[in-house]
Each structure stands twice: as structure tokens, then as C-alpha cells.
Amino acid sequence: MDDKSLRDLLNGALAGEPPIGPVAQNSLGAGIRLRRRRRAWAAAGCAAVAVVAVIIQAGTGLLGHSPGPVGRQGSGTAYVANQSERNLAGRITPINTATNRAEGAIWVGISPESMAITPDGKTVYVANVSSRTVTPISTATDTPGKPIKVGVGPEFIAITPDGKTVYVANLSSRSVIPISTATNTAGKPIRVGLGPDFIAFTPNGKTAYVANYDSGTVTPISTANNIAGKPIKVGASPKFIASTGKTAYVTGASKVTPISTATNTPGKSIYLGGRPGFVAITPDGKTAYVALEGDAQLPPGTVIPISTATNTPGQPIHVGAAPRFIAITPDGKTAYVASAYAVIPISTATNTPGKPIYIGSDITIAITPDGKTVYAATWGKVIPISTATNTAGKPIHVGPGAPGGIAITP
């Protein structure tokens with residue numbers, strides 16, 4: 001079978017989900033609904049997926065794993081996930097950050113949604129939602145390893161600060177799967193609440209906090225023994241978590257809940273209104289920035305700074321429609337917000353937004369370890385943004401499909 005025939009067969013087998021266009025006022029809610037539709041379709045079509053997965057593995061050479069890294073100087077490779085090509089095998093595109101050139105595609109499982117890189121930069125782990133697997137990729141050669149089976153709905157993936165364990169949140173399986181990075185083997189599932197969809201660690205790596213979207217709880221997991229503690233009640237729809245070390249901040253319906261990491265007890269809720277989403281904390285731990293989609297009292301699209309010393313919210317920062325993700329530079333001076341169509345820089349000294357950098361829709365962002373460049377992934381391309389001038393560079397084409405995750409080697 002030639003390349004064209006194989007691609008036609010694979011495309012036909014999984015055709016069906018149309019691309020999702022630009023989302024304005026309700027991007028976070030739409031994103032959650034989209035992920036759940038995908039999970040339902042994946043469950044309904046698991047037999048077809050299994051057949052196609054066999055074909056993909058057998059035909060990897062035909063699809064072509066392009067040559068590995070060429071001319072890289074040390075660290076600094078951005079890995080970008082494309083959800084699919086016509087709902088086919090997902091691909092990861094490495095970008096040489098020294099040259100801003102895309103290198104050969106790395107074919108993984110179906111619907112790669114999130115990625116994480118080990119602290120030593122040697123391995124990228126990719127969660128393939130519809131394949132029910134995690135794919136390890138060697139950054140030295142950009143070759144994928146044997147897929148690791150992890151169960152239904154691996155939505156989110158995170159790695160402990162010491163790099164020894166990968167934790168995978170299986171949203172549809174009510175579990176978190178630990179994977180040993182030494183052996184790339186999955187351990188015993190850790191039972192958590194309904195709809196686990198995000199994981200965050202304390203800076204010392206001793207505790208993993210899991211947001212259980214459908215249970216209204218957060219589950220603490222001891223990383224020393226992979227034992228889940230008593231669920232912490234935080235209210236409806238917990239979505240994202242970030243930790244200062246002393247306090248874990250959990251966003252949910254209309255509020256942010258601070259959790260004492262010493263006692264795993266929730267503190268007084270911080271009511272923001274609207275739909276609090278992604279949360280990011282400055283390197284000095286003094287401020288938590290929360291993306292807020294909208295509220296009857298506020299224009300759509302704001303970011304709320306919260307003082308971690310007092311747990312009080314500051315004045316809303318208007319950033320335009322549907323802020324989705326926030327990334328903060330290593331020096332803590334600028335927070336970059338990915339909104340519906342643009343990336344907006346915020347000065348953390350004054351909490352004032354800069355001029356929007358318009359690049360496309362469904363944006364995912366990551367910042368290089370030296371803080372010099374923001375890489376913003378959108379449909380079929382990645383835009384490098386200079387943090388010195390906040391200007392967009394030449395688009396880097398990474399193939400069709402919606403952006404999944406983006407991760408950069410240390």
C-alpha cells in the first residue's frame with residue numbers, strides 16, 4: 001500500500017469531527033464541552049480507533065518519521081502538538097528555538113492534548129486522549145517510544161519536580177496513573193474524584209493536587225507512596241490549580257479557593273464572579289493571576305490579580321474576549337495572556353495590559369527558559385513573540401489541525 005492509499009484509508013476511518021472555529025465569549029466552557037464530546041466519540045468509536053492504531057503502528061515508516069534534530073545548540077526546543085490531521089494520528093512538531101525552524105514531524109497517538117518534559121529535558125511525554133496512551137519521545141533523537149497504556153480519557157499530564165514520575169489524569173476513568181520515567185511503565189491507578197482534569201504539584205514535589213471537575217473536590221496525592229488523601233471540598237467545577245508551596249489556589253464556579261498545603265484544608269473562598277479559569281503564580285509567589293471570562297458587572301475578558309499574602313483580589317485587568325491561558329516570564333516582570341484571538345502582555349509591576357498581539361484563534365502559549373520568546377500556537381502555525389519588543393515574528397508552519405499543548409525543553 002502506498003502513502004496516499006494509507007492516508008486515505010486512515011482519514012476515512014476517523015473522519016467526522018469538524019474543526020472548531022474561533023470562540024469569543026465562552027471559550028473555556030466551549031473547550032470543556034469540546035473535550036467531553038471528543039471523549040464520548042472516542043468511547044463510542046473505540047473499536048475503530050483500535051483498528052486504526054494498529055495500522056498507524058504498522059505503517060509508521062510509510063507515514064514517515066522525518067530525520068531527527070539537526071544543528072541544535074544545547075537546550076531550547078519547542079514541541080507542539082497538533083490534535084490531528086482530519087482526526088487522524090496526532091503529530092508533534094519540534095521547533096528549533098535558535099533558528100525558529102520546524103523539524104521533522106513525530107507521529108504519536110490520536111488526539112494528543114497535553115505534554116510535559118522531564119526537568120533534565122531528555123524526554124517529552126504526550127497524552128493521546130483517543131488512543132488511551134502516553135507516548136514518550138526522546139529529545140536527543142526525536143523518536144517516539146512504545147506507547148504506554150493508561151486507560152480512558154488521559155486529558156492532562158504532569159511530571160514531578162524530581163522528574164521521577166509522570167502523573168496522568170484520566171478524566172473518564174476517575175483515576176490518576178503514575179508512570180515511572182526510569183522504566184516507562186504505568187503503575188497502579190490512583191482513585192480520585194469524578195472528572196479529574198488538572199494536576200499541580202507543590203514546589204517541593206511532595207504532593208500532587210488533582211482537580212476533580214465533576215465532584216467539586218480536590219484530591220491530594222502523596223508522591224512518596226502514590227496514596228490519595230481525603231478529598232478536599234472546594235465547590236462546583238474546580239478547573240485549574242497553582243501552588244505557592246504554602247497555598248494551592250483552585251479556580252471553580254465564580255470563585256477561587258485557597259487550600260493550606262500543610263493541613264489540606266480549604267480557606268475562605270475568593271469570589272470573583274464570572275467563570276474563573278486558568279491561574280498562574282509569579283515566581284516570587286506574591287501574586288496569582290486568574291483568567292476570568294466575563295461577568296455581568298465586568299466587560300468580557302479580564303484577568304484578576306490576587307495577593308497571596310492577603311488573598312484579596314485586585315482591580316480587573318481588561319484583556320479582551322475569552323482569556324484562556326497565562327504564562328509568566330522567568331523574571332516575573334510580564335504575564336502573557338492568550339485570549340480568543342490575541343496574546344496580551346501584562347506588566348506585573350503595574351498590572352496594566354500592553355497592546356494586543358493578534359495571531360489567530362484557539363491559542364496555546366509557552367515561554368522559553370531564558371524568557372526571551374513566547375511561542376504561541378494556533379491553527380497550523382506557531383508565532384514567536386519577542387518579549388523585549390512584544391512583536392510577532394514570522395509564522396512557523398507546523399501542519400494542519402488545532403493546537404494541543406506546547407512545551408519547551410529547559
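This passage walks through the overall make-up of the chain and then through three local spots in it.

The model is a predicted one. Its protein chain is mostly a story of strands: the secondary structure comes to 40 strands and 4 helices. Of the 410 residues, 55% count as buried. As for how the chain meets itself, take the contacts with a separation of 6 or more: 41% of them are between residues 24 or more positions apart. The accessible surface adds up to about 16900 Å², and carbon and sulfur atoms hold 56% of that.

Next, the aromatics. Searching the whole structure turns up 6 aromatic pairs. One of the ring pairs is Phe-278 with Phe-325: the ring centres sit 5.7 Å apart and the planes meet at 75°, so this one goes down as edge-to-face, the cut-off for that label being over 60 degrees. In sequence the two partners are 47 residues apart, and the pair ties together distant parts of the chain, with Phe-278 in strand E25 (residues 276-281) and Phe-325 in strand E30 (residues 325-328). Their accessibility falls in separate classes. Phe-278 has a relative accessibility of 15% and therefore counts as buried, since the limit is under 20%. Phe-325, with a relative accessible area of 23%, is partly exposed. Both rings also belong to a cluster, in which ring pairs link Phe-278 and Phe-325 with Phe-156, Phe-198 and Phe-240.

Then there is Ile-179, which lies in strand E12 (residues 175-180). Its relative accessible area is 0%, so Ile-179 is buried. What does Ile-179 touch, leaving aside its neighbours within four places in sequence? On the earlier side of the chain, its contacts include Val-134, Ile-148, Val-150, Lys-164, Thr-165, Val-166 and Val-168. On the later side, Asn-184, Thr-185 and Ala-186 are among them. For one of these partners, Val-150, there is also a backbone figure: the C-alpha atoms of Ile-179 and Val-150 are 8.9 Å apart, with their positions 29 residues apart in sequence.

Last comes a charged residue, Asp-362, in the loop that runs between strand E34 (357-358) and strand E35 (364-367). Which side chain of opposite charge is nearest to Asp-362, and how far away is it? That would be Arg-324, at 4.6 Å. A salt bridge needs a nitrogen-to-oxygen distance within 4 Å, and Asp-362 has none, despite being buried. The side chain of Asp-362 does have a polar partner, though: a polar contact of 2.8 Å joins it to the side chain of Trp-379.

Conventions. Residues are numbered from 1 along each chain as its sequence is written. This is a predicted model: local features need pLDDT of at least 70, side-chain atom pairs count only at pLDDT 80 or more; totals for chains, interfaces and linings use all residues. Side-chain values use heavy atoms; hydrogens and water are left out. Helices (H or I, at least four residues) and strands (E, at least two) are DSSP runs, numbered from the N terminus. Buried means under 20% relative accessible area, exposed over 50%, partly exposed in between (1.4 Å probe, protein chains only). Contact means heavy atoms within 4.5 Å. Accessible areas come from the Shrake-Rupley method with a 1.4 Å probe; for residues, only the protein chains shown count as cover. Rings of Phe, Tyr and Trp (its six-membered ring) pair if their centres lie within 6.5 Å; planes under 30 degrees apart count as stacked, over 60 as edge-to-face and the rest as tilted. Lys and Arg count as positive and Asp and Glu as negative; His and the chain ends are not counted. A polar contact is a pair of N or O atoms within 3.5 Å; within protein, one must be able to donate a hydrogen and the other to accept it, and residues adjacent in sequence count only if both atoms are side-chain atoms.
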